[in-house]
Amino acid sequence: MNKQSLLTAAKYAAIGLITLFFLGIITGGGIFLYQVHKAPALSEKKLVATTSSKIYDSENKLIADLGSEKRVNAATSDIPTGLVQAIVAIEDHRFFNHRGVDSVRILGAFLNNLRKGNRQGGSTLTQQLIKLTYFSTSNADQTLARKIQEAWLDFQ
């Protein structure tokens with residue numbers, strides 16, 4: 001093969017790779033937009049934790065408040081700064097530097113899962129909150145569709 005035909009082959013290979021790259025971006029974007037469209041609506045009321053199990057009658061009147069501990073939700077200002085710092089240090093040390101989705105953590109979990117063959121999550125504190133309030137906590141429900149919807153709700 002002469003130099004000219006090698007250059008032509010390299011040019012066609014580069015054009016093919018660039019085309020595949022853009023097709024992948026378009027396909028991935030389409031899948032992302034489809035899953036975002038199917039995501040549940042974000043509601044501040046739903047994000048507030050229930051303090052105990054409550055039973056209501058058909059007219060929405062409280063019949064029983066179950067649970068051994070009666071808890072109340074704390075205002076953000078009532079939570080000690082040291083507690084916030086401890087939780088962030090253990091669960092999501094880049095919490096104040098991302099908008100709900102930590103791409104560094106997700107990439108690290110993905111690479112770990114490839115290398116070791118186990119499942120390691122890359123969820124942030126925000127993603128954990130969304131998962132616990134909007135989705136099943138079953139490991140069987142850890143699908144790409146749900147992860148896309150979690151990410152979308154996290155950004156909001």
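This is a short tour of the structure above, one selection at a time.

**The whole chain**

Start with everything shown as a cartoon, and keep in mind that this is a predicted model. You should find 6 helices and 2 strands, and if you follow the chain along its sequence, the order is α-α-β-β-α-α-α-α. Now switch on a surface: about 11,900 Å² is exposed, with carbon and sulfur atoms supplying 62% of that area. Of the 156 residues in the chain, 17% are buried. If you like contact maps, consider the contacts with a separation of 6 or more: 46% of them join residues 24 or more positions apart.

**Stop one: Gln 35 and the α1/α6 crossing**

Select residues 3–38, which form helix α1, and pick out Gln 35 within that helix. Is Gln 35 buried or exposed? Its relative accessibility is 10%, and because anything under 20% is classed as buried, Gln 35 counts as buried. Leaving aside residues up to four places away in sequence, Gln 35 touches Ala 145, Ile 148 and Gln 149.

Next, add residues 144–155, helix α6, whose axis comes within 9 Å of the α1 axis and crosses it at roughly 70 degrees. That angle makes α1 roughly perpendicular to α6. To see the contact between these helices, show side chains for Ile 31, Phe 32, Gln 35, Val 36 and Lys 38 on the α1 side, which meet Ala 145, Ile 148, Gln 149 and Trp 152 of α6.

**Stop two: the patch around Ile 87**

Move on to helix α3, residues 81–91, and select Ile 87 there. With 40% relative accessibility, Ile 87 counts as partly exposed. Then add Ile 79, Leu 83, Val 84 and Phe 96: together with Ile 87, these residues make a nonpolar surface patch of about 440 Å².

**Stop three: Asp 92**

Keep Ile 87 on screen and select Asp 92, in the loop between α3 and α4 (103–116). How accessible is Asp 92? Its relative accessibility is 1%, so Asp 92 counts as buried. Ile 87 is one of the residues that Asp 92 touches; the others are His 98, Asp 102, Arg 105, Thr 124 and Leu 125, again not counting residues up to four places away in sequence.

For a last look, draw a distance from the C-alpha of Asp 92 to the C-alpha of Ser 123. The two residues are 31 apart in sequence, and your viewer should show 8.4 Å between those atoms.

How values were computed:
Residues are numbered from 1 along each chain as its sequence is written. This is a predicted model: local features need pLDDT of at least 70, side-chain atom pairs count only at pLDDT 80 or more; totals for chains, interfaces and linings use all residues. Side-chain values use heavy atoms; hydrogens and water are left out. Patches are made of residues with over 30% relative accessible area and no salt bridge: like charges are joined within 9 Å, nonpolar side chains (Val, Leu, Ile, Met, Phe, Trp, Tyr) within 5 Å. Accessible areas come from the Shrake-Rupley method with a 1.4 Å probe; for residues, only the protein chains shown count as cover. A salt bridge is a side-chain nitrogen of Lys or Arg within 4 Å of a carboxyl oxygen of Asp or Glu. Helices (H or I, at least four residues) and strands (E, at least two) are DSSP runs, numbered from the N terminus. Buried means under 20% relative accessible area, exposed over 50%, partly exposed in between (1.4 Å probe, protein chains only). Contact means heavy atoms within 4.5 Å. Axes are lines fitted to C-alpha atoms, for helices over the stretch in contact, and angles run from 0 to 180 degrees between N-to-C directions. Angles under 35 degrees count as roughly parallel, over 145 as roughly antiparallel, 65 to 115 as roughly perpendicular and the rest as oblique.
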